[in-house]
Amino acid sequence: MILLAGGAGYIGSHTALYLAEKGVPFAVYDNLSRGHRESALGWEIIEGDIGDAQRLAALMRDLKVDAVIHFCAYALVGESMRFPGMYYENNVANGISLLRAMVEAKVQNLVFSSSCAVYGEPSAEFIGESLPHNPVNPYGETKRIFENMLDWFDRAYGLRSVRLRYFNAAGADEKARIGESHDPETHLIPLVLKAASGERKSVSIFGTDYPTPDGTCIRDYVHVTDLAQAHLAACEYLREGGRTAAFNLGYGRGYSVREIIDACRKVSGREFAVEEAPRRPGDPPRLVADNRSIRTALPDLEFRFDDLGKIIGTAWEWEKNRRF
Ligand SMILES: NC(=O)c1ccc[n+]([C@@H]2O[C@H](COP(=O)([O-])OP(=O)(O)OC[C@H]3O[C@@H](n4cnc5c(N)ncnc54)[C@H](O)[C@@H]3O)[C@@H](O)[C@H]2O)c1
């Protein structure tokens with residue numbers, strides 16, 4: 001049984017759906033601070049906070065949990081700059097209580113949602129796992145701290161983990177049953193599609209003078225259902241005795257902001273206003289994964305949605321039919 005902590009959020013709910021369709025037993029635990037009750041398609045959301053270690057330990061024992069996927073975090077970079085304490089408290093302190101519960105319930109396999117934010121502003125064309133960790137905001141710092149802690153929990157208690165350092169999660173369930181819904185939304189593709197649907201007046205490009213071919217920032221967008229698949233593969237890797245590891249999770253291909261906007265116009269068939277604004281501090285010009293490690297360690301991973309048209313197409317279907 002896999003416990004999905006934070007399984008009512010964007011990536012967690014797509015992972016729940018993926019497991020449900022594969023017939024893999026799982027349970028969702030979420031405090032619904034940033035998740036959605038409506039994201040559960042026929043499964044229960046056990047409402048609770050990961051800060052409640054006693055309850056979590058009892059739950060893990062009762063449900064015979066043998067692996068945890070830990071999605072819980074606050075994940076807004078700007079908010080983390082304004083309220084760092086809130087980020088340390090939820091992403092680090094509450095995360096420790098989840099680890100304590102795992103130790104108490106003798107659950108030894110953990111997949112952790114990390115982020116390319118641990119690298120800060122690397123200048124490498126493709127980002128490999130061995131690059132130094134220099135986060136430039138409290139959000140990335142909390143991910144780095146938690147990752148480091150995991151090494152010590154492995155040494156002390158044999159709690160093995162896979163940290164998946166996602167690049168930009170994007171897209172939605174291919175049948176548009178669930179999709180991305182953050183409040184506030186800060187991710188590029190849903191913002192552009194909200195301009196396409198008329199929900200927003202325009203979309204802004206922050207910085208058009210970066211040292212990239214069209215002057216706008218380049219990111220590696222990875223479809224959320226491929227992320228879901230990677231979580232199950234990581235759980236299986238750990239269940240088979242795989243060692244603690246960290247993997248970058250992106251397609252290894254980057255698209256600029258302008259390319260995303262053009263693709264959204266094409267997919268939606270809609271015109272909308274685009275405003276050019278100054279750069280935002282802490283936005284590196286290019287973040288693209290070197291994903292060779294994960295491909296080698298989890299050879300059965302098959303990226304089914306590695307196509308910008310599919311990413312934006314599924315996001316657009318969701319945007320038009322969203323329930324939450
Ligand atoms: N979305 C991305 O592009 C991206 C990229 C890199 C890393 N990540 C990481 O992936 C994870 C999931 O991201 P997401 O976009 O699905 O975020 P999300 O906000 O949609 O989901 C997080 C879920 O965790 C729950 N939660 C938060 N704190 C909790 C607590 N103390 N107890 C119980 N539940 C709690 C929220 O209610 C929410 O349902 C996060 O850890 C995030 O940092 C996301």
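## A strand pair, a helix and a ligand shell

In strand β13, A277 is the bridge partner of F206. This is a predicted model: local features need pLDDT of at least 70, side-chain atom pairs count only at pLDDT 80 or more, and totals for chains, interfaces and linings use all residues. Residues are numbered from 1 along each chain as its sequence is written.

Strands β8 and β13 pair in the parallel sense over 5 bridges. Two strands pair if DSSP finds at least two bridges between them. Strands (E, at least two residues) and helices (H or I, at least four) are DSSP runs, numbered from the N terminus. β13 is hardly covered: 0 of its 5 residues are buried. Buried means 20 or more other C-beta atoms within 10 Å of the residue's own, exposed means 12 or fewer, and partly exposed lies in between; C-beta atoms are placed from the backbone.

Now helix α2. Its buried residues are A53, L56, A57 and M60. They fall within an arc of 100 degrees seen down the axis, so they line one face of the helix. The arc is that of the directions from the helix axis to the C-beta atoms. Q54 and D62 are exposed on the face turned away from the buried side. After α2 comes K64, with a positive phi near 55 degrees.

Last, the ligand. Its shell holds 27 residues, and G6, G9, G35, A73 and S113 are the closest. α1 gives the largest share, 3 residues.

| Class in the ligand shell | Count |
|---|---|
| Nonpolar | 11 residues |
| Polar | 13 residues |
| Charged | 3 residues |

A residue is near the ligand if its C-beta atom, placed from the backbone, lies within 6 Å of it. Ala, Val, Leu, Ile, Met, Phe, Trp, Tyr, Cys and Pro count as nonpolar, Asp, Glu, Lys and Arg as charged, and the others, Gly among them, as polar.
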